[in-house]
Amino acid sequence: MDSSSAEILIDLGGFRLYKDGHADRAGGMESVPAGYDDETGVTSKDVVIDAVTGVSARLYLPPCIQPATDDDGKKLPILLFFHAGYFVVGSASWPPVHRYTNSVVASARVVAVSVNYRLAPEHLLPAAYDDSWAALSWAVSGADPWLSAHGDTGRVFLSGASAGGNIAHNMTIAVGVRGLDAVVPAPRIEGTILLHPSFCGETRMEVEPEEFWGGVKKRWAVIFPGANGGLDDPRMNPMAAGAPSLTKLACERMLVCAAGLDPRRTRDRAYYDAVKASGWGREVDWFESEGEGHHFFVDKPGSHEASKLMERVYVRKN
């Protein structure tokens, strides 16, 4: 056996990445079935978006609209959600993500599309970005009856946590650069919500923990060997030279959320500041959860800070 196959580059507890590019996953891959959720009244189902690539999604309807009821034809906002997991683990059906999405759908009263993008290293980046673009294009086309009957393409929201927050940013930029011209009428990205998004760069920031930055650099090299400029690929560093202008962000408003104890916090704040300074000219807000770490709102859903974040981000007032 080649010694590189046993050399561990990254060990994050939930998974290990090896030098030869394979992964061992100890967590983040558990699954719960779709269906009716007794706690929230939300109903979900799984759909295949592309049978060739295997891209799929879990769709959610809030209690105010259910498949077997007369909903008087009202349309609700569409939320596309991209899960966390370092691009390596996770899914829409992972119990914490499914529980979180149920809560979001019930609180915000939206039709949600929780995207299952292909995972690295078996499917190297940019596969996850390509899959997410395919899912976005599919969702706004109204390809599924739940979306065509209940979803309002004039009120589309993109959201994601951690790696999913990175994806949500990149999809928002992609719409601004590429457009969604195949869809008539053209959908409107009402808002983008970045929850502890994962950004980085080839130059370590002064307050960025060296061990954390080094781990991101190693992981990125394994899961995206074709990255343009390593960590300065615009998909990981939106402020890098040659990255699309942040004025291309296609949403009408944006919320960037961070956690005070998250090593990503400094990068997330730099991103927020860059958007504000870019001349984009639309609404961008910052929300920080004090005394909490990365992804806490999924891992500790009942905590005080998680409730505050849910209230700020998703709870509708009418």
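Colleague: Where does Phe87 lie?

Modeller: This is a predicted model in which local features require pLDDT of at least 70 and side-chain atom pairs count only at pLDDT 80 or more, while totals for chains, interfaces and linings use all residues. Residues are numbered from 1 along each chain as its sequence is written, and side-chain values use heavy atoms, with hydrogens and water left out. Helices (H or I, at least four residues) and strands (E, at least two) are DSSP runs numbered from the N terminus. On that basis, Phe87 lies in the loop between strand E6 (76–82) and helix H1 (95–108).

Colleague: Is Phe87 buried or exposed?

Modeller: Buried means under 20% relative accessible area and exposed over 50%, with partly exposed in between (1.4 Å probe, protein chains only). Because its relative accessibility is 3%, Phe87 counts as buried.

Colleague: What is the phi of Phe87?

Modeller: Most residues other than glycine have a negative phi. Phe87 is not a glycine, yet its phi is positive, near 70°.

Colleague: Which loop holds Arg109, and what is its phi?

Modeller: Arg109 is partly exposed, with a relative accessible area of 27%. The loop that holds Arg109 is the one between H1 and E7. Its phi is again positive in a residue other than glycine, near 55°.

Colleague: Which residues does the cis peptide bond with omega about 20° join?

Modeller: Most peptide bonds are trans. One cis bond runs from Ala120 to Pro121, with omega near 5°, and Pro121 is in the loop between strand E7 (111–116) and helix H2 (127–140). Pro126 is also placed in the loop between E7 and H2. The cis bond with omega about 20° joins Leu125 and Pro126.

Colleague: How many salt bridges does a search of the whole structure find?

Modeller: Side chains of opposite charge can pair when their charged atoms come close. A salt bridge is a side-chain nitrogen of Lys or Arg within 4 Å of a carboxyl oxygen of Asp or Glu. Asp152 and Arg155 meet in such a pair, at 2.8 Å from N to O. Over the whole structure, the number of salt bridges found is 20.

Colleague: Which strands hold Arg253 and Glu190?

Modeller: These two residues form a salt bridge whose closest N and O atoms are 3.0 Å apart. The pair ties together parts that are 63 residues apart in sequence, because Arg253 lies in strand E10 (residues 253–259) and Glu190 in strand E9 (residues 189–195).

Colleague: Which residues are linked with Glu190 and Arg253 in a network of salt bridges?

Modeller: Glu190 is buried at 13% relative accessible area, whereas Arg253 is partly exposed at 36%. The residues that join these two in the network are Arg188, Glu252 and Arg282.

Colleague: How far apart are the closest N and O atoms of Lys217 and Glu202?

Modeller: Lys217 is partly exposed at 31% relative accessibility, and Glu202 is partly exposed at 28%. Their side chains form a salt bridge, and the distance between the closest N and O atoms is 2.7 Å. Lys217 is in helix H5 (residues 210–223) and Glu202 in the loop between E9 and H5, 15 residues apart. The closest N and O atoms are thus separated by 2.7 Å.

Colleague: What is the relative accessibility of His196?

Modeller: His196 lies in the loop between E9 and H5. Contact means heavy atoms within 4.5 Å; beyond neighbours within four places in sequence, the contacts of His196 include Ser162, Cys257, Asp262, His294 and Phe297. His196 counts as buried, because its relative accessibility is 1%.

Colleague: How far apart in space are Val284 and Leu255, C-alpha to C-alpha?

Modeller: Val284 belongs to strand E11 (residues 283–289) and is buried, with a relative accessible area of 9%. Leaving aside neighbours within four places in sequence, Val284 is in contact with Met254, Tyr272, Val275 and Lys276. Val284 and Leu255 are 29 residues apart in sequence, and their C-alpha distance is 5.7 Å.

Colleague: What radius of gyration does the protein chain have?

Modeller: The radius of gyration is taken over C-alpha atoms, and the globule rule is 2.2 Å times the number of residues to the power 0.38. For 318 residues, a compact globule would have a value near 20 Å, so there is agreement with the radius of the protein chain, 19 Å.
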